[in-house]
Structures are given as structure tokens and as C-alpha cells.
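Work through the exercises below with the coordinates open. Each task is followed by a stepwise solution.

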Amino acid sequence: MSLAEAVARGRSSLVRMRTEVSGSPWRIGNPSAPLVDVTVPYANENRNSVLLKEWRRQAGESVPAPPMRLPRHSEGTYRARIWKQNLLDLFLEDQYSDAVAGGTGGPDGHLEDRIVTSVTLSGEWRFATKGQRAMAAAGMLCARRNEDLWDFEVARGTRAITLVLPASEIRFPANTRAVTAEQGAPAAALLLAHLRLWAELADGLGAAAAGAARNATLELFRGLMNDQVIDDAEFAPALLRAAMDHIEARLLADPDLAPKTIAAALNVSVRTLYRAFGQGGTSSVMGYVRERRLERARAELLSTRLTVSEIAARWHFADSSHFVKAYKKRFAETPTAGR
């Protein structure tokens, strides 16, 4: 196989993986025995109490029922089906629901001490809390802190995979209650592919392998979070400072200093690095690099006998004309004005 063929095959596999995120089957629980399989006529005057009573009768505490409200229709029925797969202290649910509204989370509420992620395969979930809203339409996922009280609405014919994690294991960004992402985004696709495989193989894994899969899930989830959001005031300034320190140390040594290499050195994504600079109110990453190089160049122009061309090359400008233009824009004078 030629190199070009190998690259093409690799790209094809990646595209296939992304497109199959929501299309490939999830094997969660016993397919012939859902833990919840409830049907309630919409016209039933006691439809809400019938729904909760039957749900609790079937599933008990294995699938806690949130408070729910069915819309009133003169005909038709509401149906909900749930399959569940326990994965040590995590679990997955394969959920189908017709139109319903309800609540979850909050102190002593439904799954109140968890991070809950809805991976919508069809239909739509909508969430709202304290003036904030989040939505997970088909092809999207929505991770939320369930310590807050959320109102939710489910569209008719909605199917979603729900991942539930212990909140103590995830450093969810402060002042951020929900994070959404496309299921085909690389970090999300990697997490979902891992979860599908773990759910399929879970019954045959030993304790050590199951523990490794559990830890990998948490790391992949953290990677997804870091790829989608930048943390609060505690993290963003620290990352910005670390990036600036790294840039300062590498100004002379690395003519190829770039956002990709800076992000890799700090173990963050390029997107996270960009956000740190944006939220810090400073220039762009490479704008900051150029500014610091110009300041170093100005100091050497005033303190050494190096020529303008030598200084331009020393500070990695393409040529002296580019250096002179950037210098005049930054300091409103030519490089030779102060010599």
C-alpha cells in the first residue's frame, strides 16, 4: 500500500467513525428486557400519577423516576423505554421517550450529585435552569451539573444515550452549568466510541480491565470538557501566565514558535489556548509573540551595534522590510530613529 493510499484510508476511517457516532447501534442492557417500558394514554385524567406509579413499579430505585408531566391530548399514547448498563460507579442508559416535561437535579432531587450527559440520537432535549438554557438536538450532546435544579422538555420520538458520572470526579467549570458539543467533534467521537465498546464488552471484563476502562472514560470526558470550554477565573489567568512564560523562554531558541507547539507544551488544546488569550484581554497568541519580539529588538537597537538586518533575523522576522514595517506600526518610528 502506498503512502497516499494509507492516508486516504485513514481519512476514510475517521470520517466513517464521525458519521457513525449517532448511527451505529448501542448495546446497553438486555435488548429484550428494558427496565422501564411504560405506555399511558394521553387522555387519561390521572396520566401523570399513572406514569410515575408504573415506572416505579417496574424499575424501583434502579432507574429513579424524575417528576414528569404529560401533555394533554385527546388521543394517542405516551411511551417510555429505558435500558441500563452499570459500569462500576458510572452508568449508561438508552432512553426512548415521547413528548413529556419534568424536572431533575437540585438538592435531594433526581440524580442531584452527578454529572449527566445526554447524547441525542433522534428528537430533542431542552434544559433550563436559573435563566440559562441548553439544548441537545439530534447529533449533539449536552453535559450538565445536576446539583442545579433543571426543567426539561423532551420532543416526541426522542432517543438518547445518557452517561452519568460522579460529580466528585469531574472539575466542571465554575459559573458554567451546561456544555454542549457536536457528537462528531473529535473529542466527543473518541469518548462515545470508547463508551460503545465498553458497554459491549463490559460483561466479559475482569476487575482490572473494568477499572482501566472507567478511568479512561473520565479522562476522555475531561478532554471533551477542556476542548469545549475554558475554566473560570482560577484557570484562565493561570494558563495565560504559563503560556506567556513559555513564550518568553522560547523567544530566541525557537524560530518556529506557534500556537500548536505552545498548546502541546502546556497540555491543552489550541482552542483552549486561544480562549485564554481572548479572555485575558490581550492580543492573539502570535500577536503577543510578535509584540515581545519587537520589544526585545527595540532594547537591542538601543544597546548594541547590531544592524537592523541582523536584529530582524535574530528575532525571526522574515526580512528587514517586514521588521521595519512592524516596528513603525508598534513604536511610531523607524528602527534607526533612536540610534
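A salt bridge is a side-chain nitrogen of Lys or Arg within 4 Å of a carboxyl oxygen of Asp or Glu. Keep in mind that this is a predicted model.

**Exercise 1. Test the pair Arg314 and Glu300 against the salt-bridge cut-off, then place both residues.**

Step 1. The side chains of Arg314 and Glu300 come to 2.9 Å, N to O. The cut-off is 4 Å, so the pair qualifies as a salt bridge.
Step 2. Arg314 sits in helix 9 (residues 308-314) and Glu300 in helix 8, 14 residues apart, so the pair links distant parts of the chain.
Step 3. Check exposure. Arg314 has a relative accessible area of 37% and is partly exposed. Glu300 is buried at 13%.

**Exercise 2. Find how many salt bridges the whole structure holds, and describe two that involve helix 8.**

Step 1. A search of the whole structure returns 22 salt bridges.
Step 2. Take Arg296 and Glu248. Their side chains meet in a salt bridge of 2.8 Å, N to O. Arg296 belongs to helix 8 (residues 285-303) and Glu248 to helix 5 (residues 236-250), so this bridge ties together parts that are 48 residues apart in sequence.
Step 3. Compare their accessibility. Arg296 is partly exposed at 27%. Glu248 is partly exposed at 26%.
Step 4. Now take Glu295 and Arg292. Their closest N and O atoms are 2.3 Å apart. Both residues lie in helix 8, three residues apart, about one turn of the helix.
Step 5. Glu295 is partly exposed, with a relative accessible area of 27%. Arg292 is buried, with 17%.

**Exercise 3. Is Ser97 buried or exposed, and which side chain does the side chain of Ser97 meet in a polar contact?**

Step 1. Locate Ser97 in strand 4 (residues 90-97).
Step 2. Its relative accessible area is 9%. Buried means under 20%, so Ser97 is buried.
Step 3. The side chain of Ser97 makes a polar contact with the side chain of Tyr78, at 2.9 Å.
Step 4. List the neighbours, leaving out residues up to four places away in sequence. Ser97 touches Tyr78, Arg79, Ala80, Val154, Ala155, Arg156, Gly157 and Thr158.

**Exercise 4. Identify the strands that pair with strand 6, and the sense in which they run.**

Step 1. Strand 6 covers residues 114-122 and is mostly covered, with seven of its nine residues buried.
Step 2. Strand 6 and strand 11 (residues 158-166) run antiparallel, joined by eight bridges. Thr120 stands opposite Ala160 in strand 11.
Step 3. Strand 9 (residues 140-145) also pairs with strand 6 in the antiparallel sense, over five bridges. Here Ile115 stands opposite Arg145.

**Exercise 5. Characterise the largest cavity: its volume and its lining.**

Step 1. One cavity of 30 Å³ or more is found in the whole structure.
Step 2. The largest cavity holds about 310 Å³ of space.
Step 3. Its lining has 26 residues. Those nearest the centre are Trp55, Pro66, Gln95, His110 and Trp125.
Step 4. Assign the lining to elements. Strand 3 (77-87), strand 4, strand 5 (100-105), strand 6, strand 7 (124-129), strand 10 (149-154) and strand 11 give two or more residues each.
Step 5. Strand 4 supplies the largest share, five residues.

Technical notes: Residues are numbered from 1 along each chain as its sequence is written. This is a predicted model: local features need pLDDT of at least 70, side-chain atom pairs count only at pLDDT 80 or more; totals for chains, interfaces and linings use all residues. Side-chain values use heavy atoms; hydrogens and water are left out. Helices (H or I, at least four residues) and strands (E, at least two) are DSSP runs, numbered from the N terminus. Buried means under 20% relative accessible area, exposed over 50%, partly exposed in between (1.4 Å probe, protein chains only). A polar contact is a pair of N or O atoms within 3.5 Å; within protein, one must be able to donate a hydrogen and the other to accept it, and residues adjacent in sequence count only if both atoms are side-chain atoms. Contact means heavy atoms within 4.5 Å. Two strands pair if DSSP finds at least two bridges between them. On a 1 Å grid over the protein atoms alone, a cavity is a set of points where a 1.4 Å probe fits but cannot get out, and a pocket is an open set with protein on both sides within 12 Å along at least five of seven lines; lining residues have an atom within 4 Å of a point. Grid points are joined across faces, edges and corners, and a volume is the space filled by probe spheres set on the points.
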